[in-house]
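Here is a walk through how some helices pack. Keep the model open as you read.

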Amino acid sequence: MIFHQPNNSLSGFQYNGAFYNNTIWEPHFHKNFELIYVEEGQLLCNIDSKEYTLNSGQYGLCLNYSVHSYFPTGNCKYWVGVFSPDFVMSFSEIVKNKSADGFVFICEKEIDVLIKKYLMTKSEPDIITLKFSLYAVTHEFLRQIKFTNNNTKNGIAMEIIDYITENHKNKISLSDLAERLGYDYNYVSRLFNNTFNISFNNFLNIYRLESATQALLYTDKKISDIALECGFQSIRSFNYNFYKNIGVTPIQYRKNKSRA
């Protein structure tokens with residue numbers, strides 16, 4: 001089963017990083033990029049059905065929506081940092097609709113020191129430091145990895161993601177999705193729940209909130225207008241889902257987040 005991680009699919013300068021000891025991650029995906037570094041031992045990684053091995057001192061980078069899983073061998077300590085595309089918009093545009101023909105890379109000494117100093121820390125760095133550090137490491141990735149047109153979107157699961165990505169601002173339902181894909185409603189319903197481990201409506205609202213956070217950060221539109229433009233049927237529904245998934249109200253979010 002493939003799991004969607006909605007908490008790692010929101011933008012608005014979302015970042016989290018942590019070390020793990022011998023932790024197994026089953027196949028999952030999310031919108032945000034994911035950076036991995038092995039400090040000790042060896043980590044077996046499956047990225048979009050391709051097998052890779054990360055050894056001590058090596059980095060790996062998962063592009064958004066890549067299905068990935070991690071399996072440590074022996075005693076393995078590794079770090080994972082998940083960050084939204086708005087930290088590295090230029091990098092995000094370069095890799096958009098592309099598939100990486102690799103995963104493992106190394107950082108030059110200066111970049112390696114920078115990442116360990118500012119990202120692999122218990123306290124979250126400020127937004128400027130995050131941007132600087134993440135652009136440095138994604139530059140190393142671009143320098144060493146080749147790309148092709150996206151060939152990872154296979155199967156009905158990726159068709160579902162494509163449909164929701166294209167239509168999440170409209171009033172759509174699971175019935176619309178089933179009709180679009182040409183499958184029986186009950187079949188699509190079971191497949192959706194078994195694959196993503198989340199209801200269709202909750203999954204859809206995640207995408208709508210993604211658009212809303214961008215509008216809150218980068219426009220001066222009224223919150224009520226943003227709610228309707230992003231596909232929510234009422235400001236009440238928007239406020240409820242925003243607080244449920246992000247932990248603050250839209251007003252607080254706009255006030256607290258920098259537009260830098």
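Two helix axes count as roughly perpendicular at 65 to 115 degrees, as roughly parallel under 35, as roughly antiparallel over 145, and as oblique otherwise. This is a predicted model, where local features need pLDDT of at least 70, side-chain atom pairs need 80 or more, and totals for chains, interfaces and linings use all residues. Numbering starts from 1 along each chain as its sequence is written, and side-chain values use heavy atoms, without hydrogens and water.

Start with helix 7 (residues 200-218) and helix 9 (residues 235-246). Their axes lie 10 Å apart, at an angle of about 95°. Helix 7 and helix 9 are therefore roughly perpendicular. Axes are lines fitted to C-alpha atoms, for helices over the stretch in contact, with angles from 0 to 180 degrees between N-to-C directions. Helices are DSSP runs (H or I, at least four residues), numbered from the N terminus.

Helix 7 makes the contact (heavy atoms within 4.5 Å) through residues including Ile206, Leu209 and Leu216. Helix 9 contributes Phe238 and Phe242, among others. By class, seven residues of this contact are nonpolar, five polar and one charged.

Glu210 also belongs to helix 7. Its relative accessibility is 11%, so Glu210 counts as buried (under 20% relative accessible area, 1.4 Å probe, protein chains only). Its C-alpha atom is 5.3 Å from that of Leu10, 200 residues away along the chain.

Now turn to helix 5 (residues 174-181) and helix 6 (residues 185-196). Their axes come within 9 Å and cross at roughly 110°. Helix 5 is therefore roughly perpendicular to helix 6. Leu174, Ser175, Leu177 and Ala178 of helix 5 meet Tyr185, Val188, Ser189 and Phe192 of helix 6. Six of these residues are nonpolar, two are polar and none is charged.

Methods. Helices (H or I, at least four residues) and strands (E, at least two) are DSSP runs, numbered from the N terminus. Ala, Val, Leu, Ile, Met, Phe, Trp, Tyr, Cys and Pro count as nonpolar, Asp, Glu, Lys and Arg as charged, and the others, Gly among them, as polar. Buried means under 20% relative accessible area, exposed over 50%, partly exposed in between (1.4 Å probe, protein chains only).
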